[in-house]
Amino acid sequence: MKYLSQILQHLRKDLRLEWRSRDSVNGMLFFVLLVVVVFSIAFDPAGYPTTTRQISGGILWVGLLFASITALNQSWTREQRNQVLEAQRMAPSAASALFLGKALANMFFVLIVEAVLAPIFIVFFNLHVLGNAWLLAIILPLGTWALVVNGTFFAALGLRARNRELLLPLILLPISLPAILMMVQATTGVITAELDPIYIRTWITQLAGYDVIYTTVCILLFETVLNAE
Amino acid sequence: MARSSALRNAAWLWFLATVAVLVVGFREAIFLVPTEATMGDVQRIFYYHLPHAILGLVFPYVNFFASLAFLFWRRRDPLKALTADALAVASAEVTVLYVGVCLASGMLWGKPAWGIWWAWDARLTSELLLWLLYVSYLLVRRFSMAGQTGTLAAVLSVFAAIDVPIVFMSIRWWRTQHPAPVFGDGGSLDPSFYPAVLWNLAGWAMWGVFILVFRFALERRRQLAEQEEALRAIEASLEISQ
């Protein structure tokens, strides 16, 4: 119970900080918007609706991945100002509570971006979903969590490294590749309705398994990373 | 001194034995084993590809267990932890090498056999991913600051080690362009090919162990030199303050 309230405290702090500056969400929104525009120009989605349906899942996730990397790099910088992070390390609360609070906050930001992005995506790519659209309500949060949980962890790992901005994508992309594969396949399967529902369910189950495994490892190892010296 | 010269002799013996086994393996693979019926001589790449593929799955786990040992000893026994860290570096570099050779030899085979260098099927992708993961491991070592390299790299190694079986299970989930497993249940390898496969597997395993130990010894030397340097710096600073 105490652990839960610690997580909530951290979450509330992050949300309040973001509310005052709105740096991350605004930055991500504009970034994803640019990615969508760039891809629309590169592929001419209106002319080829079938191709668009086949690639739009991938474009969606690649855009979100890049956008969340820009925000994740910043998410720990706030803690470094005025040695807040040192204070966190000395605080009697569990280190993993700090991690979970931060990861949940980042998850929330990316979900806001997705909510704004979805209609834009549909308009610009002239999409209409052929499969069970409600499945996306499961796939999107699961996929987002897979990106955000590892991203938050490795942003903390690269915190005191040289070339921090470069290091995060270099680690995060290889680690997330299986998750990206799963969510892109599931999303594309839903949008095109060409994939057997059994396969879509397998992809979603695997994605959930990935989330569970990596969340556990992140929680177990976060204290080591926070206190690495 | 006696110990180090004995070790050096052992290393030389091991090296010579490795070369001998590799020579036997080469002779078996190139001259003795019958030519494969459908693919012809191109198939002989297989005798180099397969050992590297198998060993490229063994060395990541050496890295994983060395990293776990490092995390365990980090606070309890820093000197043992340093040894574990040296083993982790060495095995990561050997992993990158072996997986790289596996990918390259696979591509050399793929061009004549499939007509394309590369296909994005499950097994090729997962092998490439393995390679990428351990390159990023080496990059983390390069980028992180002096005092924390071991810890951060060990943490990343745990993530990489989880990823490897996830990705390798994916072979079983799809039909792939890559040939199905040739050993074990439903294996399609004719017994007349076994000598070449086994000699090469043994030879490349011995070679892998050799370069692993060599790199490990090098890393140990670097660590000892670093410690000596630090000690000298401390002593020098004490002299100034007096």
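In the predicted model, helices α6(A) and α7(A) lie oblique to each other, because their axes cross at roughly 135°, an angle that falls outside the ranges counted as roughly parallel, roughly antiparallel or roughly perpendicular. The axes of the two helices, which cover residues 95-124 and residues 136-157 of chain A respectively, come within 9 Å, and the crossing in which α6(A) passes α7(A) is right-handed.

The contact between these helices draws on residues from each of them. On the side of α6(A), the residues involved are A:Phe99, A:Lys102, A:Ala103, A:Leu104, A:Asn106, A:Met107, A:Val110, A:Leu111 and A:Glu114, and they meet A:Leu140, A:Pro141, A:Thr144, A:Trp145, A:Val148, A:Val149, A:Thr152 and A:Phe153 of α7(A). By character, the residues of this contact comprise 12 that are nonpolar, three that are polar and two that are charged.

The pair belongs to a chain with nine helices and zero strands, so that the order of elements in chain A, read from the N terminus, is α-α-α-α-α-α-α-α-α. Among the contacts in chain A that link residues at least 6 apart in sequence, 87% are formed between residues at least 24 apart.

As regards overall dimensions, the C-alpha trace of chain A spans about 55 × 35 × 30 Å along its principal axes. The radius of gyration of chain A is 18 Å, which agrees with the value near 17 Å that a compact globule of 229 residues would have. Of the 229 residues in chain A, 52% are buried.

Key:
Residues are numbered from 1 along each chain as its sequence is written. Chains are lettered from A and ligands numbered from 1 in the order in which they are written. This is a predicted model: local features need pLDDT of at least 70, side-chain atom pairs count only at pLDDT 80 or more; totals for chains, interfaces and linings use all residues. Side-chain values use heavy atoms; hydrogens and water are left out. Axes are lines fitted to C-alpha atoms, for helices over the stretch in contact, and angles run from 0 to 180 degrees between N-to-C directions. Helices (H or I, at least four residues) and strands (E, at least two) are DSSP runs, numbered from the N terminus. Angles under 35 degrees count as roughly parallel, over 145 as roughly antiparallel, 65 to 115 as roughly perpendicular and the rest as oblique. A crossing is left-handed if the near helix is turned anticlockwise from the far one by less than a right angle, and right-handed if clockwise. Contact means heavy atoms within 4.5 Å. Ala, Val, Leu, Ile, Met, Phe, Trp, Tyr, Cys and Pro count as nonpolar, Asp, Glu, Lys and Arg as charged, and the others, Gly among them, as polar. The radius of gyration is taken over C-alpha atoms; the globule rule is 2.2 Å times the number of residues to the power 0.38. Buried means under 20% relative accessible area, exposed over 50%, partly exposed in between (1.4 Å probe, protein chains only).
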